[in-house]
Amino acid sequence: MKEESVEQTTDLTEDEKKKLVEKYDSESRFRNLNIPWMIRLVTFLSVGLALFHLITSFTGPLVTLKHRALHTGVILALVFLLYPSRKKAPQRRASVIDMLMALLSFATIIYIFVDYLGIVNRAGLPNLNDLLFSILSVILVLEGGRRVVGNGLTILSALFLLYAYFGPYLPRIIAHRGYSIEDIATYMYLTTEGIFGTAIGVSATYIFLFVLFGAFLNRTGMGQLFNDAAMSISGHTSGGPAKVAVISSGFLGSINGSAIANVVTTGSFTIPLMKRTGYSKNFSGAVEAAASVGGQVLPPVMGATAFIMAETLGMPYAEIALAAILPGVLYYMGVITVVHLRAKKRGLKGLSREELPKMKQVLKERGHLLIPLAILIYMLFGGFTPIYAAAWAIISTVVIAAFRVKTRLTIKKIIGALEEGTRSALGVAMACAMVGIIVGVASLTGFGLKMTTAILILGNHTLILTLFFTMIASIILGMGMPSIPTYIITSSMAAPALIQFGVEPFVSHMFVFYFGILANLTPPVALAAFAGAGISGGDPNRTGFISLKLAAAGILVPYIFVYSPELLMQGTSVVGIIWVAITAALGIIALGAGLEGYLMGTMYWLLRILSIGGAVTLVIPGLITDMFGIGLLIVVIIVQLFNKKRTVLVEDNASEYKLS
């Protein structure tokens, strides 16, 4: 039985893809310039910035403030050239005001380079020029961010600036002594605590190079390799196209860092296939959304967030990536479990093998593209810096892609990849600059400590309630934002509450990051789910709620690793890690069966409750709770086997009766 009649669907055209991405992802709303000198100027700046970052990955960065200021200034100039200020603004050329703002962006770089020693010597005693350029820089960042990232983060940044100024007049719980406009503006521009803080520092090093690496992989056809390989592996199984979406979106999502772009890129191919197989519109869009969002928590790249986490916590990147493997695998196990059970429940088949690509042919045509990824992983885990590893991964991509005509990068394609990489980094960089304002104000005013206190009070000083309110705060803070600024904000505002409670800093940061990412699936601002619904033709909110159900493992897993840090390979034996992984996997399967209401047959409501109860008890650490949870699952399985056997006997008797 199918969920709805099979619909005739066709893949989206490139123009339709572009419009859909632009609808839900403000970072993709580029101008289509048609003036030759403007096109050349954008190419020159984009390629120049990309080469600057590639060269400094080998030679070492400039002095911190100069390096970050140059990165931010060029990004700002490109934003004003490429993004219109409003919908009715010119879409084919930059206006005079846009050109002026681009020039002012360069002025903020020049000032820091020319008067760097003076700025350092005047630390804490800014002159009039310092103040003017500081105010100008804050205004440019807010306007540039509004154009690229949208109103949400811009308004939040502006509110934090107002909070810094009006502190004495606010309610006591969040009040502070207040700061002058001069203090606020110069703190944002002349120090490495505001706009040029850790967030933009990571953007100017790790993030930019990994986005650039993704652009080179995209030019070689890596996405096609992932799609074809996933089709070959799982396309023929029950509900095959949905499993293809989960596998290919997971791989792509880890590299490209944008869940929405991933939904549109992969979903334009997988969603029509899912609908053709018999999945509903809403379920098809939800599968793609849940799979794409999960890529942000999947090593090795984790949407580049792992590098910010390493910088923030002072941990080696390899340790973070290794620790994130089991939770990432469990997340995808949860999605595939629900997808598989839905297919079995509805009697949905896979695609015929004749329709599917052969793995041997797939690897023959594009398998060599996996070598740069292998080089990247080897270098990251081999002790090399992420910047150095990313640079060599880019170079190796160009060299290795040349082995096949289909994947070979010409000079024109290389320049195109350099420009595409820079363009793709604009949104992340602007988000990081605005997050720098938020984090800077929080640092200046002590707001982070106040929020920590509020969460602890709401949690009544009990861990489970504190976790719950931290989860809610993280989801709210992550709504409508890319993964990187989401992590920076949640780790600054929400994670300290858990750390105060005695939860390890790394575990706390992973907890808030998971729930910040899930904001992309949580209505009313479930942008990834809305993009999936845009392709499938489903209802956006219903798609959002179904995607949350599919990502239920993502809700359960963070609680598991708070109570059992062994899941993050934290301070335990190999046996302990294996046991926690097994019980967590059983819990994820039980949760999926309970939510979907199917395990070897339809489950009655009591069995569903028992199954979900077993999943929850498996989260709570301790041998007794684990045994109790496993016991509940055994009961569910025995009852389901009995029901299945009884159904078969009834059907056999009915058949014999008809024959007689």
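**Helices, core and aromatic pairs in a predicted model**

Of the 14 residues of H25, 13 are buried, so this helix is largely enclosed by the rest of the structure. The model described here is a predicted one, and H25 makes a convenient place to enter it. The helix runs over residues 505-518, and its end C-alpha atoms lie 20 Å apart; this agrees with the 20 Å that its 14 residues should span at 1.5 Å a residue.

Confidence comes next, as it frames the rest of the description. The mean pLDDT of the chain is 85, with 93% of the residues reaching 70 or more. Among the elements of the chain, the highest mean pLDDT, 96, belongs to helix H3 (residues 64-82), and the lowest, 61, to helix H1 (residues 14-24). Residues 1-10 have pLDDT below 50, and in the model this stretch makes 26 contacts beyond near neighbours in sequence.

The largest nonpolar core holds 207 residues, and the members that touch the most others are Phe511, Leu521 and Phe561. Helix H20 (residues 411-445) is the top contributor to this core, giving 18 residues. Leu521 offers a closer view of the packing. Leaving aside residues up to four places away in sequence, Leu521 touches Ala289, Ala290, Val293 and Tyr331, as well as Ala526, Ala528, Gly544, Ser547, Leu548 and Ala551.

Phe561, another of those three core residues, is one of the buried residues of H28. This helix covers residues 552-563 and reaches 18 Å from its first C-alpha to its last, close to the 16 Å expected for 12 residues at 1.5 Å a residue. H28 is mostly covered, with 10 of its 12 residues buried. Alongside Phe561, the buried set comprises Ala552, Ala553, Gly554, Leu556, Val557, Pro558, Tyr559, Ile560 and Val562. Which helices do the buried residues of H28 pack against? The partners are helix H16 (325-346), helix H22 (463-478), H25, helix H27 (540-550), H29 and H30.

The last two of these partners also flank a backbone feature worth a look. Met600 sits in the loop between helix H29 (574-596) and helix H30 (605-619). Its phi is near 60 degrees, a positive value in a residue other than glycine. With a relative accessible area of 32%, Met600 is partly exposed.

In helix H18 (residues 370-381), the burial has a clear direction. The end C-alpha atoms of H18 are 17 Å apart, in agreement with the 16 Å that its 12 residues should span at 1.5 Å a residue. Pro372, Leu373, Leu376, Met379 and Leu380 are buried in this helix. These residues cover an arc of only 130 degrees around the axis, which puts them on the same side of H18. The general geometry of a helix is helpful here: an α-helix has 3.6 residues a turn, so residues three or four places apart point the same way. Just after H18, Gly383 adopts a positive phi of about 100 degrees.

Aromatic contacts make up the final part of the picture, and the structure holds 20 aromatic pairs. Phe58 and Tyr388 form one that is edge-to-face, with 5.6 Å from centre to centre and 80 degrees between the planes. Phe58 lies in helix H2 (residues 36-59) and Tyr388 in helix H19 (residues 386-401), so this pair ties together parts that are 330 residues apart in sequence. Phe58 counts as partly exposed at 39% relative accessibility, and Tyr388 also counts as partly exposed, at 26%. A second pair, Tyr111 and Phe133, is stacked, with 4.3 Å between the centres and 10 degrees between the planes. This pair links distant parts of the chain, with Tyr111 in helix H4 (residues 96-114) and Phe133 in helix H6 (residues 128-148), 22 residues apart. Is Tyr111 buried or exposed? Tyr111 is buried, as its relative accessible area is 10%, whereas Phe133 counts as partly exposed at 21%.

Phe58 and Tyr388 also belong to one aromatic cluster with Phe384 and Trp392. Helix H4, which carries Tyr111, is the place of Ala107 as well. At 22% relative accessibility, Ala107 counts as partly exposed. The C-alpha atoms of Ala107 and Leu156 are separated by 26 Å, and these residues are 49 apart along the chain.

Definitions and conventions. Residues numbered from 1 in each chain as written. Predicted model: local features only at pLDDT ≥ 70, side-chain atom pairs only at ≥ 80, totals over all residues. Heavy atoms only, no water. Core = buried A, V, L, I, M, F, W, Y, C linked by side-chain atoms within 4.5 Å. Buried < 20%, exposed > 50% of the residue type's maximum accessible area, 1.4 Å probe, protein only. Helix = DSSP H or I, 4+ residues; strand = E, 2+ residues; numbered from the N terminus. Contact = heavy atoms within 4.5 Å. Expected span 1.5 Å × (residues − 1). Arc of directions from axis to C-beta. Phe/Tyr/Trp six-rings, centres within 6.5 Å; stacked < 30°, edge-to-face > 60°. pLDDT = per-residue confidence, 0-100.
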